Amino acid sequence: MKFIEFLRNKAFWFLDSLKGGEKRDHYNEIEFIINNPLSPKTVDLKKEKLDNILRHAVGSVDFYKEYTNYSSLEEFPVVDKNTIKNNFGSFQSNLFLDKPGVKVSTSGSTGTPFTVYQDKNKRIRNIADTLFFSQKTGYKLGNRLTYFRMWNAFEKKGKLASFLQNIVPIDVFQLKEKEVISTILQKLSKSKSSESWLGYASAYEEICKFLDENHLNSIPNNLQSIIAISEGLNEYTKQTIKKYFDTEVVSRYSNVENGIIAQQPLGDKEYFEINEASYFIEVLEIDSDIRVKDGESGRIVITDLYNYNMPLIRYDTGDIGIKSTIDFKPVFMEIRGRKIDVIYNTKGEMISVNLVLIVNKYPELNQCQLIQKNKGEYQIKLSSEKEFFRENELLNEFKVYLGEDAIITVEYVDEIPLLASGKRRVMVNQMINV
């Protein structure tokens, strides 16, 4: 099996070389910038990339044309998902309207379904970012990658793509079935392949609880890396993963519309190394667009240096963070995402995964919030500029997870308000928030 991994690795880079070595060039540049933060070359590269995307935006994107005479990034407006959705056509570069772009739809993690277009070079950059940051955790191109995700909310990979990329998709809701976890562990212990895991922190927690409940010993495995995404990684999960698999799990901060923004280094570090090779990062005050000092909490706002099809300049991610510097590298000391309460299905089983991801399939909605009113009783708040004709379809999707006997009411609202912290609560359990 290791020979097949070797072939996959070599085939990937060979095909890249036939196409001009674009992925390799991006990878080498990312590696240099991240590993040499004080190099004059790094400083010049970052400045050049920021200048280039700003000039491109004011020259070819209608939304930014009024900022043609800008003198600094801070003169550009801070935008969010709703700003872009409400002005979608004016955010696309006129230079790319007739060129093929890749449509990328985000998870509904903020309660706001959202789509952007990315150009070819941006897609290549994201691949290189993924390879670089994955390899920092022990992953090697060609490893078998088990991907724990709420797959029903995303476009599934075809069988051929999964085979070529060596990906094994696991829907996180399958982990409610104990035999599914047992099968995953059995296959892992028998596997001769180099294994890697990528998935929600809550999926790993589910596996850890299974291991503890069944008083199992450490699991024989060939795990090379474990990366947690989308949710906060608690100390119980980190320690329990280490105990049973003798492998460290690190947390990655990313989103679908941009890519990998930051990632924890190995060595049981709590901070996140920022990907300043591909993004310019700002942390702004909660209620103003003024930058906070290092060490202070604020809104994470990013400028994507590579998406020329649809430039995202000073894009408010909806997350809160604290920025600092360690070993001359920019880091996040803390990242706090959207506020999500644990809710329960009609059988009383806990659901900690963000079910609002489902709205990814409904781009006509502006916002969505799921509220548990009582046992088996739920309310969904929806914000939509136009009449929403797929309400029954949406309710049936939620009932797959909440229970077919779930009582769900729908309320249409103009806006789902932010919390004082600047975050939007997308799943609320009123049984525990009274």
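The following exercises, each with a worked solution, concern the predicted model shown above.

**Exercise 1.** Determine how helix α1 and helix α2 are oriented to each other, and which residues bring them into contact.

*Solution.* Two packed helices are described by the angle between their axes and the distance between the axes. As a starting step, locate helix α1 at residues 2-18 and helix α2 at residues 22-35, whose axes come within 7 Å and cross at roughly 105°. Angles of 65 to 115 degrees count as roughly perpendicular, and therefore α1 is roughly perpendicular to α2. The next step is to find the residues that meet, which are F12, W13 and D16 on the side of α1, and E22, K23 and R24 on the side of α2. Sorted by character, the residues of this contact comprise 2 nonpolar, no polar and 4 charged.

**Exercise 2.** Carry out the analysis for helix α8 and helix α9, and describe the residues of their contact.

*Solution.* Helix α8 covers residues 178-190 and helix α9 covers residues 201-213, and their axes cross at roughly 90° while coming within 10 Å. The two helices, α8 and α9, are therefore roughly perpendicular to each other. In the contact, α8 supplies K178, I181, S182 and L185, whereas α9 supplies E206, I207, F210, L211 and E213. When these residues of the contact of α8 with α9 are sorted by character, they give 5 nonpolar, 1 polar and 3 charged.

**Exercise 3.** Work out the order of the strands in the open sheet of 11 strands, and state which strands lie at its edges.

*Solution.* Reading across the open sheet, the 11 strands follow the order β4-β3-β5-β6-β7-β8-β9-β13-β12-β11-β10, and the pairing is mixed. The edge strands are β4 (167-171) and β10 (279-284), since each of them pairs on one side only. From one strand to the next, the twist averages 40°. At the β10 edge, strand β10 and strand β11 (residues 297-304) pair in the antiparallel sense over 6 bridges, and I281 stands opposite I302 in β11.

**Exercise 4.** Describe the surroundings of strand β5, taking its pairing, its burial and the helix that lies across it in turn.

*Solution.* Begin with the pairing: β3 and β5 run parallel and are joined by 5 bridges, with F148 standing opposite G199 in β5. Strand β5 also pairs with β6, in the parallel sense and over 6 bridges, and here the bridge partner of L198 is I227 in β6. Then consider burial, where β5 proves to be mostly covered, as 6 of its 6 residues are buried. Finally, α9 lies across β3 (144-149), β5 (195-200), β6 (223-229) and β7 (249-255), and this helix runs at about 110° to β5.

**Exercise 5.** Decide whether D414, C208 and C368 are buried or exposed, and say how many disulfides are counted.

*Solution.* A residue is exposed when its relative accessible area is over 50% and buried when the value is under 20%. D414 has a relative accessible area of 74%, so D414 is exposed, and this residue is found in the loop between β19 (407-412) and β20 (425-429). The C-alpha atoms of D414 and D80 are separated by 17 Å, although the two residues are 334 residues apart along the chain. C208, by contrast, has a relative accessible area of 0% and is therefore buried, and C368 counts as buried because its relative accessibility is 1%. A disulfide requires a pair of cysteine sulfur atoms within 2.5 Å, and by this rule the count comes to 0 disulfides.

Notes
Residues numbered from 1 in each chain as written. Predicted model: local features only at pLDDT ≥ 70, side-chain atom pairs only at ≥ 80, totals over all residues. Heavy atoms only, no water. Axes fitted to C-alpha atoms, helices over the stretch in contact; angles between N-to-C directions. Helix = DSSP H or I, 4+ residues; strand = E, 2+ residues; numbered from the N terminus. Parallel < 35°, antiparallel > 145°, perpendicular 65-115°, else oblique. Contact = heavy atoms within 4.5 Å. Nonpolar A, V, L, I, M, F, W, Y, C, P; charged D, E, K, R; others polar. Buried < 20%, exposed > 50% of the residue type's maximum accessible area, 1.4 Å probe, protein only. Pairing = 2+ DSSP bridges.
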